[in-house]
Amino acid sequence: MSPRSASPSPGRRTLLGATLATSAALALPTALAPAPALALSGRPRARWGVQSGEVTSSSGLVWVRSDRPARMTVETSATESFRRPHCWHGLLIGRETDLTGTVALRGLPPGEQIHSRVTIADPDDPRRTGEPVHGTFRTAPATRRPGVRFLWSGDIAGQGWGINPDIGGYRAYDEMLRLDPDFFLCSGDTIYADGVIEPSVTLPDGRIWRNVTTEEKSRVAQTLDDFRGNFRYNLLDDNVRRFNAQVPTVVQWDDHEVRNNWYPGQILDDPRYTEKNVDVLARRAMRAFGEYFPVPPLSPYGGSALPGRGREGRLHRVVRHGPLLDVFVLDMRSYRNANSPDRQADDTQGILGAEQLSWPKGELSRSRAVWKVITADIPLGLVVPDGSADIEAVAQGDPGAPLGRELQIAELLRFVKHRRITGTLWLTADVHYTSAQHYTPELAAFKDFAPFWEFVSGPLAAGGFPANALDPTFGPEQVFVRAPERANVSPMESPQYFGEVDIDGSTGELTVRLRAEGGTILYSKLLQPGRVGQ
């Protein structure tokens with residue numbers, strides 16, 4: 001590991017103690033528990049915790065949810081005592097955003113531990129304030145010296161495995177917190193809107209898995225309130241709230257925020273749904289996604305027509321984390337074509353859409369960061385089927401030249417090589433196991449690219465699945481894989497997975513570690529800076 005300690009900083013230790021006390025007050029009963037009640041007597045309350053996100057060297061976002069309409073004020077300080085705080089006044093949060101609010105902070109000092117204190121007040125009587133909620137985060141450094149550490153994973157509350165109080169809920173979040181990352185990259189499937197959480201599930205060995213349940217998780221999500229309830233569900237977990245208070249996030253979406261394997265323009269034949277138009281569901285899901293995460297304001301989902309979106313309001317974006325790192329967040333869901341056998345020789349829409357394909361080219365060319373991490377919500381070279389004939393992801397299993405959605409990936413890889421863009425690697429989740437693939441032109445049918453690595457990690461709180469087949473088109477060699485042998489293995493039977501990226505500030509070297517819940521490092525790879533191919 002880099003010289004920087006992996007234990008929480010003093011400020012985070014203090015906050016951890018305070019958050020543990022708060023969590024104890026909010027602790028869920030061991031019986032099935034509803035969401036925190038919206039008791040409207042007394043003062044406003046923010047029982048869902050605080051989140052931060054999109055943190056750069058000078059800016060960030062802070063999120064909170066009230067139990068009634070309220071005015072949100074954020075104070076930031078370099079000290080826990082909040083001596084000489086900076087105050088960000090005035091956001092009015094109401095029912096049109098399900099009582100959530102996000103405040104943009106600008107002009108923050110680089111490379112500092114920032115303490116935040118959020119107060120919500122009665123909009124008609126500013127003297128009636130609730131108990132403040134506290135958070136902390138580190139801004140990105142202005143120099144290389146401190147280094148960068150971040151974690152990534154995805155796939156939360158999937159396949160019927162929800163918050164189990166018998167095992168301590170989503171335990172991986174507590175383990176990730178103790179590694180003291182600068183931020184957490186959530187690579188999609190942040191919820192399972194199409195997955196019902198039953199009160200209990202009997203495991204193959206006869207043990208009983210018990211879930212915390214809510215009304216919104218008793219059915220597939222169709223209404224806006226259903227989707228909002230799915231996002232609230234994960235915030236019931238103490239580990240998640242503690243983590244959110246101390247680790248900023250970068251979040252992308254994939255399919256289960258709406259429905260398994262969805263694509264724009266799809267009309268469902270699933271009898272569980274009365275709303276058959278996926279574009280309608282996706283519009284509601286994106287709105288709830290934007291309400292429940294600290295992300296930049298999102299434009300309404302455009303559906304299959306995909307009306308033009310400006311630079312603002314889109315899910316694909318760059319998050320710049322100082323001179324060592326730029327994170328390129330792709331949206332491989334909103335602009336894609338319909339799932340099909342995916343063997344067409346010409347495909348201008350593909351997995352990214354024409355507009356989004358041009359975007360990373362320009363941003364990668366302009367990036368001066370030592371490392372350019374491309375975060376994809378689906379893997380590149382793993383064959384992910386949709387039913388018996390169609391393809392859900394990029395690869396379709398044909399060993400020859402690129403076809404279908406592979407064509408856009410080939411174009412992007414060719415661009416990286418010919419523009420001699422250094423320090424690229426790909427991260428993803430989605431397939432519910434962990435692996436490392438090295439792609440080389442010597443093993444590929446398509447050869448006009450520089451070698452690169454793709455690392456897969458997850459699930460974070462969902463079922464585990466067997467490994468997918470590799471597609472030879474881009475020449476992947478699977479140097480590591482850890483996956484269960486049967487489908488939908490519960491978190492009581494198989495560990496959950498997350499990845500760690502550690503960039504050394506003095507050398508610029510980047511280390512990827514694939515981790516299993518329980519503290520085990522399964523695989524580690526050291527990459528050198530300044531190279532077009534790795």
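The paragraphs below lead through a predicted model of this protein, beginning with its confidence, then turning to its cavities and ending with one residue, T428.

Across the protein the pLDDT averages 91, and 90% of the residues reach a score of at least 70. Two stretches should be read with this in mind. Over residues 16-40 the pLDDT stays under 50, although the model still gives this segment 42 contacts beyond four places in sequence. Residues 304-311 likewise have a pLDDT below 50, and for this stretch the model has 14 contacts beyond near neighbours in sequence.

From confidence we can move to the enclosed space inside the model. When the whole structure is searched, five cavities of 30 Å³ or more are found, and the largest of these holds about 220 Å³ of space. The lining of this largest cavity is made up of 17 residues, among which I156, Y173, V240, N244 and F293 are the closest to its centre. Several elements of secondary structure take part in this lining, since at least two residues each come from strand β10 (183-187), helix α3 (224-234), helix α4 (238-246) and strand β13 (249-252). The element that gives the most is α4, with three residues. Sorted by class, the residues around the largest cavity comprise 12 that are nonpolar and five that are polar, with no charged residues in the lining.

The second largest cavity encloses about 80 Å³ of space. It is lined by 14 residues, and those closest to its centre are G169, Y170, A461, P491 and Q496. Here the lining does include charged residues, two of them, alongside eight nonpolar and four polar ones.

A single residue, T428, shows what the surroundings of one position in the model look like. T428 belongs to strand β19, which covers residues 424-428. Is T428 buried or exposed? The residue counts as buried because its relative accessibility is 1%, and the cut-off for that class is under 20%. The side chain of T428 comes to 2.8 Å from the backbone oxygen of A376. A376 is also one of the residues that T428 touches when those up to four places away in sequence are left out, and the list continues through D377, I378 and P379. Further along the chain, T428 touches E454, F455, V456 and S457, while W152 and S187 complete the set. Of these partners, S187 carries a number that falls within the range of β10 (183-187), one of the strands that supply residues to the lining of the largest cavity.

Conventions
Residues are numbered from 1 along each chain as its sequence is written. Side-chain values use heavy atoms; hydrogens and water are left out. pLDDT is the predictor's confidence in each residue, from 0 to 100. Contact means heavy atoms within 4.5 Å. On a 1 Å grid over the protein atoms alone, a cavity is a set of points where a 1.4 Å probe fits but cannot get out, and a pocket is an open set with protein on both sides within 12 Å along at least five of seven lines; lining residues have an atom within 4 Å of a point. Grid points are joined across faces, edges and corners, and a volume is the space filled by probe spheres set on the points. Helices (H or I, at least four residues) and strands (E, at least two) are DSSP runs, numbered from the N terminus. Ala, Val, Leu, Ile, Met, Phe, Trp, Tyr, Cys and Pro count as nonpolar, Asp, Glu, Lys and Arg as charged, and the others, Gly among them, as polar. Buried means under 20% relative accessible area, exposed over 50%, partly exposed in between (1.4 Å probe, protein chains only). A polar contact is a pair of N or O atoms within 3.5 Å; within protein, one must be able to donate a hydrogen and the other to accept it, and residues adjacent in sequence count only if both atoms are side-chain atoms.
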